[in-house]
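Subject: Structure handover

Dear colleague,

Here is the structure you asked about. My notes on it follow below.

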Amino acid sequence: MKRDPKDLIRYTAPERANHWVVGMAFILLALSGLAFFHPAFYPLSQFFGGGVWARILHPFIGVVMALSFVAMFFRFWKLNLITPADKEWLGRIGEMVNGDDHNMPAAGKYNGGQKLLFWLLVCCIALLAVSGLVIWRAYFSALFPIGMIRFASLMHAMVAAGMICLIIVHVYAAIWTRGTIRAMLYGTVSRAWAKQHHSAWFRQITGGGK
Amino acid sequence: MALQSLDIKARSATTTPSPSVRETLEVAKLIDISKCIGCKACQVACMEWNDLRDEIGTNVGVYDNPADLTAKSWTVMRFSEVEVEAGKLEWLIRKDGCMHCADPGCLKACPAPGAIIQYSNGIVDFHEEYCIGCGYCITGCPFNVPRISKTDNKAYKCTLCSDRVGVGLEPACVKTCPTGAITFGAKEDMIHRAEGRVADLKGRGYANAGLYDPQGVGGTHVMYVLQHADKPGLYSGLPKDPSISSMVCLWKGITKPLTSFAIGLVALGSLFHYITKGPNEVSNDIEKEFEE
């Protein structure tokens, strides 16, 4: 896709960098975490230098993801407040998934689905950070009663699996909606893309023009 | 310790059968608390045979020494003074350590393949060379036994002297016990022996004497003869009906296949969505609008 001086800026460089720090940390966490989750995934620990290294690194990478996600939260939370139009969007999500966006309400910078994903990820990261701390045996587990460690272990695994599913949907949606990934790679989208997928945002930043 | 490699009943984080063509005799250690005098010879024999020297601790005014199980103290005597009948002091001394459960919570929780082995003779053994130090065994254990070493971050516990048992010897603690409070042999024989002891204790006024072989963990390969089997909690908090926590069962049971399946389903669903519905592209009308 050719870049055009009239392209619209969707993400600034610091926003993109922030996103990719979270993204890279997530990928490393998912690979190392899955290794402990099911024997079938244990070989993934080899990416980290074996099981012991995966065990050592995983929680530290978790801290990186949690902190960088907090930064991202403060960048984007206002843009993700859910409006009545978003609720309508979510009510029609079946049409969207079916590939028919004609009746979808005009989306702002984010559509209802993106906003829902944002808040679900906020919940996931909060739960993972808290439960992860409780099961961080080297430094923190001794501070908690065994019942809480058991509950945190279960919750950490279930929430992590849920988050992996959410991120697959997040990545797929970016691939599916052509012309989207460049927004997170070099920051711009075409005007046509903005008008098609986020028409309210398009009107807002162009003043309704072309 | 990797002896008895053809006699494996279960192996941690392993979904295929372990080498198990041979069947061996199920063994058990029977600890008769009514015969224990608290001399700690078993503790000494344990550190002697396993060549472990724990830190010298501090006397805090009780007989327990060391105060708790550690990565270097795999068995400790726990002393409790109780009055089950008012005015009749009893000194209950329990030799604590791994119970070698038939359904081991440590093995269920362990994520490292082969780090925990259950031999067909019933011994549950840690293979520290495969241990990754996550501490899930502690999370899974209903008896609070495994300890992670501060020096190497590996988990340690009683091996039931699997290296001695593997060559036909009895565990070191059994060998040394001066009163015969600890005996070792076929589990069947140990149960039979316990029955005799329980009958004897009942005849001497301990109406609730009994064998501690908790079925919630499928029975154990370290069993106790208790004077008060109705109240195991008297013996420094021995759990009454121990079983693997339902949290651990959920975590290591249905959650693993179910969520792995869900992740696969979402990934495949995405691929097939693309193939069936095609990409979500900008419509031709809008595209043309911006072409000049």
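Read from the start of its sequence to the end, chain A has the pattern β-α-α-α-α-α-α-α-β-α-α. That makes nine helices and two strands. Please bear in mind throughout that this is a predicted model.

Chain A

The C-alpha trace of chain A spans about 60 × 35 × 30 Å along its principal axes. Of the 210 residues in chain A, 49% are buried. Its exposed surface is about 10,500 Å², and carbon and sulfur atoms supply 71% of that area. Chain A carries 20 positive and 8 negative charges, and the mean positions of the two sets are 10 Å apart. If you take the contacts in chain A between residues at least 6 apart in sequence, 67% of them join residues at least 24 apart.

One residue of chain A is worth a look on your screen. A:A152 sits in helix α6 of chain A, which covers residues 146–176. Is A:A152 buried or exposed? Its relative accessible area is 4%, under the 20% cut-off, so A:A152 counts as buried. Leaving out residues up to four places away in sequence, A:A152 touches A:S131, A:V134 and A:I135. A:L127 is 25 residues from A:A152 in sequence, and the C-alpha atoms of the two are 9.0 Å apart in space.

Chain B

Chain B has nine helices and 11 strands. Its radius of gyration is 25 Å, well over the 19 Å that the globule rule gives for 292 residues, so chain B is more spread out than a compact globule. Along the principal axes, the C-alpha trace of chain B spans about 100 × 45 × 40 Å.

Buried residues account for 53% of the 292 residues in chain B. The accessible surface of chain B is about 14,000 Å², and 55% of it belongs to carbon and sulfur atoms. There are 30 positive and 35 negative charges in chain B, with their mean positions 7 Å apart. Among chain B contacts between residues at least 6 apart in sequence, 62% join residues at least 24 apart.

A hairpin in chain B

Strands β3 (residues 76–85) and β4 (residues 88–96) of chain B run antiparallel and are joined by eight bridges. As one example of the pairing, B:S80 has B:L92 in β4(B) as its bridge partner. How many residues lie between the strands of this hairpin? There are two, and B:G87 takes a positive phi near 85 degrees there.

A buried serine

B:S12 is in the loop between β1 (8–11) and β2 (27–32) of chain B. With a relative accessible area of 0%, B:S12 is buried. Not counting residues up to four places away in sequence, B:S12 touches B:L107, B:C110, B:A112, B:P113, B:G114, B:A115 and B:I116.

Backbone points to check

Most residues other than glycine have a negative phi, and most peptide bonds are trans. Chain B has some exceptions, listed here by position.

- B:N65 and B:P66 are joined by a cis peptide bond, with omega at about -5 degrees. B:P66 lies in the loop between α1 (41–49) and β3 of chain B.
- B:N144 is not a glycine, yet its phi is positive, near 55 degrees. This residue is in the loop between α3 (136–140) and β7 (147–148) of chain B. B:N144 has 46% relative accessibility and so counts as partly exposed.
- B:L160, also not a glycine, has a positive phi of about 50 degrees. The loop that holds B:L160 runs between β8 (155–156) and α4 (162–165) of chain B. Which side of the cut-off does B:L160 fall on, buried or exposed? At 1% relative accessibility, B:L160 counts as buried.

When you open the file, you could start with the β3(B) and β4(B) hairpin, then go to the cis bond between B:N65 and B:P66, and finish with A:A152 in helix α6 of chain A.

Regards

Notes: Residues are numbered from 1 along each chain as its sequence is written. Chains are lettered from A and ligands numbered from 1 in the order in which they are written. This is a predicted model: local features need pLDDT of at least 70, side-chain atom pairs count only at pLDDT 80 or more; totals for chains, interfaces and linings use all residues. Side-chain values use heavy atoms; hydrogens and water are left out. Helices (H or I, at least four residues) and strands (E, at least two) are DSSP runs, numbered from the N terminus. The radius of gyration is taken over C-alpha atoms; the globule rule is 2.2 Å times the number of residues to the power 0.38. Buried means under 20% relative accessible area, exposed over 50%, partly exposed in between (1.4 Å probe, protein chains only). Contact means heavy atoms within 4.5 Å. Accessible areas come from the Shrake-Rupley method with a 1.4 Å probe; for residues, only the protein chains shown count as cover. Lys and Arg count as positive and Asp and Glu as negative; His and the chain ends are not counted. The place of a charge is taken as NZ of Lys, CZ of Arg, CG of Asp or CD of Glu. Two strands pair if DSSP finds at least two bridges between them.
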